[in-house]
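Let us walk through a protein model together, one region at a time. Keep the sequence and the 3D view open beside you as you read.

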Amino acid sequence: MKLAAAARDDTGAARLKPSAPIFPPLPVLLGGALGWGALMAACAVVSLTLQGRAENFQLLRILAIYFAGGLAAWPIALPVARVLTRHRPFETRFAAHFALLSLGTIAVTAFFFALDYRLFYAQWHHPPGTRIWLYQFVFTIAGAVYQFLVMGLSLYLPVGLPVVAGASLWLSRSKR
């Protein structure tokens, strides 16, 4: 298995060709996070509009959750993808960026959805720290994640697939 082309230094020892750093420059990381969050919120708006549900009284809350999910997922998924694909061919980098951006964004957005869900139902739960409260907390979060996967995941379609494919293509070709 060929990992990377090696060059020889003055001592004759092999050294690997330089590749993209694990952590991109701060403007790319922060700008990408803001852009990714905005694109995820735009995916939700387009999907809600196409489904005829854009006139929702909870629209700003939905957009905030999807924006926050994209904003937080980008700086997590990008370094992980770069670590896993250092010195790998283009196809591997593309697949890793596609999978990690997709799954990372879904996971982080589901987490924020679950926190919002938990805040709503907390008023009827037992006091924190009790055994019953722990059951209520765990099953409320599990129910929220399930509900997000069933109902909220559709808001990434149809716009989300080309967006994540384009971002993955750009990231897998990027050297910064």
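A good place to begin is the largest pocket, which is lined by 19 residues, with Gln58, Ile62, Phe113, Asp116 and Gln147 lying nearest its centre. The word "pocket" has an exact meaning here: on a 1 Å grid over the protein atoms alone, it is an open set of points where a 1.4 Å probe fits, with protein on both sides within 12 Å along at least five of seven lines, and lining residues have an atom within 4 Å of a point. The elements giving two or more residues to this lining are helix 2 (59-84), helix 3 and helix 4 (131-152). Helix 3 provides the largest share, five residues. By kind, the lining residues divide into 12 nonpolar, four polar and three charged. In this sorting, Ala, Val, Leu, Ile, Met, Phe, Trp, Tyr, Cys and Pro are nonpolar, Asp, Glu, Lys and Arg are charged, and the others, Gly among them, are polar. The space in the largest pocket comes to about 550 Å³; a volume is the space filled by probe spheres set on the grid points, which are joined across faces, edges and corners.

Before going further, please note that this is a predicted model, in which local features need pLDDT of at least 70 and side-chain atom pairs count only at pLDDT 80 or more, while totals for chains, interfaces and linings use all residues. Residues are numbered from 1 along each chain as its sequence is written, and side-chain values use heavy atoms, with hydrogens and water left out.

Now step back to the whole chain. It has five helices and two strands, and from the N terminus on they run β-β-α-α-α-α-α. Helices (H or I, at least four residues) and strands (E, at least two) are DSSP runs, numbered from the N terminus. Of the 176 residues, 32% count as buried. Buried means under 20% relative accessible area, exposed over 50%, and partly exposed in between (1.4 Å probe, protein chains only). Among contacts (heavy atoms within 4.5 Å) between residues at least 6 apart in sequence, 75% join residues at least 24 apart.

Let us return to helix 3. This helix has 32 residues and reaches 46 Å from its first C-alpha to its last, close to the 46 Å expected at 1.5 Å a residue. The expected span is 1.5 Å times one less than the number of residues. Its buried residues are Arg93, Ala96, His97, Leu101, Ser102, Thr105, Val108, Thr109, Ala110, Ala114 and Arg118. What do these buried residues pack against? Their partners are helix 1 (26-50), helix 2, helix 4 and helix 5 (160-173). It helps to remember that an α-helix has 3.6 residues a turn, so residues three or four places apart point the same way.

Take Thr105, which lies in helix 3 (residues 90-121). Is Thr105 buried or exposed? Thr105 is buried, because its relative accessible area is 2%. Leaving aside residues up to four places away in sequence, Thr105 touches Trp36, Met40, Gly70, Ala73, Leu100 and Tyr156. A polar atom of the Thr105 side chain also lies 2.6 Å from the backbone oxygen of Leu101.

Phe94 is found in helix 3 too, but this residue counts as partly exposed because its relative accessibility is 26%. Beyond residues up to four places away in sequence, Phe94 touches Ala165, Ser168, Leu169 and Ser172. Its C-alpha is 9.8 Å from that of Gly166, although the two are 72 residues apart along the chain.

Ser172 leads us on to Ala81, a residue of helix 2. From C-alpha to C-alpha, Ala81 and Ser172 are 9.4 Å apart in space, and they are 91 residues apart in sequence. Ala81 counts as buried because its relative accessibility is 1%. With residues up to four places away in sequence not counted, Ala81 touches Ala96, His97 and Leu100.

Finally, visit the loops. His87 is found between helix 2 and helix 3, and has a positive phi of about 60 degrees although it is not a glycine. Between helix 4 and helix 5 sits Pro158, and the peptide bond to Pro158 from Leu157 is cis, with omega near 0 degrees.

Definitions and conventions. A polar contact is a pair of N or O atoms within 3.5 Å; within protein, one must be able to donate a hydrogen and the other to accept it, and residues adjacent in sequence count only if both atoms are side-chain atoms.
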